[in-house]
Amino acid sequence: SQLAGEYARQLANAGEAIVAWVGAEDAAGLRESFAEIGQRLGVDGEDSTAIARRTVAYLAVIPARLLLVLDNAESLGTIEPYLPSLGQCRVLITTRDRDARFADLGEVVDVGGFEKTEAVDFLIEQTGLGHDAARDIAGSLGELPLALTTAVDAIRTRSTRQQTRNVTGAVCVITPRRRCEAKCCIWNQQ
C-alpha cells in the first residue's frame, strides 16, 4: 500500500494521471466505492450496483489517463468485476493473496519486509526513538512495513497527545501485546 501510494502521488504530482484509490477488502466496499466514484464523474443509475457497473464501463473509455488503485484486495474473484477491460485506465492492485492468476492480469511484484537494520533505522528516523527501543519494536513486529508504519503513527499520535499535556513531551514507547500477523495490531502503552 505504501509503495502504491508513493507511485500514485508521483503520477498525480507530475500530472500524468488522475488517481482513484479504492479499498478492495470486500465486494460491498468495492461496490460502494465505485458508486461514489461514478457519482463524482456524473454516472447515473437506479442504485449503487448499477452506478458501480456503469462506472467500470466508463473507466474503460474515459479519455483521460487514470490510475485505479485497488488496495488490499482480498481475492481476485472479489475485484474481477471492477477491472476496466479497455482504455487508458491503468490498474494497480495491492494484495496478500498469492493466487497465481494475478499474473494473468499483468506483472506481479512481490514486496517483502524490511531488513532488520532498515526497520530499526526507519523507526528511529520517523519517531526519534532510541536504538534499543526501535530494535525491540521492529523485532516484535517482524520488520513488516505495514506494522512498522502503524507503530510510527501510534507513537506520533501518543507523543503529540503527551506533548499537549506535558511541556517536557517525553516520547512514549509502545510495544505490541501480540505479534502483528494480521492487518492491524493491538497496542499496549508502557
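Student: How much space lies in the largest pocket?

Tutor: First, a heads-up: this is a predicted model, where local features need pLDDT of at least 70, side-chain atom pairs count only at pLDDT 80 or more, and totals for chains, interfaces and linings use all residues. Residues are numbered from 1 along each chain as its sequence is written, and side-chain values use heavy atoms, leaving out hydrogens and water. A pocket is an open set of points on a 1 Å grid over the protein atoms alone, where a 1.4 Å probe fits and protein lies on both sides within 12 Å along at least five of seven lines; its volume is the space filled by probe spheres set on the points, which are joined across faces, edges and corners. For the largest pocket that comes to about 1,500 Å³.

Student: Which element gives the largest share of the lining of that pocket?

Tutor: Lining residues have an atom within 4 Å of a point, and the largest pocket has 38 of them, with S1, I93, T94, T95 and V111 nearest its centre. Two or more lining residues come from each of α1 (2-13), β2, β3 and α7. The largest share, six residues, comes from β3.

Student: What pattern does the protein chain follow along the sequence?

Tutor: Helices (H or I, at least four residues) and strands (E, at least two) are DSSP runs, numbered from the N terminus. The chain has seven helices and five strands. Read along the sequence, the pattern is α-β-α-α-β-α-β-α-α-α-β-β.

Student: Why is one side of each edge strand in the three-stranded sheet left without a neighbour?

Tutor: Strands pair if DSSP finds at least two bridges between them, and this open sheet has the order β1-β2-β3 with parallel pairing. Six bridges join β1 to β2 (residues 66-73), and one bridged pair is V22 with L70 in β2. The edges are β1 (18-23) and β3 (89-95), and one side of each lacks a neighbour because each has a single partner strand.

Student: At about what angle does helix α2 run to β1?

Tutor: Helix α2 (residues 27-40) lies across β1 and β2. Axes are lines fitted to C-alpha atoms, for helices over the stretch in contact (heavy atoms within 4.5 Å), and angles run from 0 to 180 degrees between N-to-C directions. Relative to β1, α2 runs at about 150°.

Student: Which element gives the most to the largest nonpolar core?

Tutor: A nonpolar core is a set of buried Ala, Val, Leu, Ile, Met, Phe, Trp, Tyr and Cys residues joined through side-chain atoms within 4.5 Å. This one has 19 residues, and those with the most contacts inside it are V22, L30, F34, L68, L70 and I79. Two or more core residues come from each of β1, α2, α3 (48-61), β2 and α4 (76-79). The most, four residues, come from β2.

Student: Is T149 buried or exposed?

Tutor: T149 sits in helix α7 and touches Q2 and F122, not counting residues up to four places away in sequence. Buried means under 20% relative accessible area, exposed over 50% and partly exposed in between (1.4 Å probe, protein chains only). At 18%, T149 is buried.

Student: What is the relative accessible area of A154?

Tutor: A154 is also placed in helix α7 (residues 145-165). The C-alpha atoms of A154 and T127, 27 residues apart along the chain, are separated by 9.9 Å. A154 is partly exposed, with a relative accessible area of 22%.
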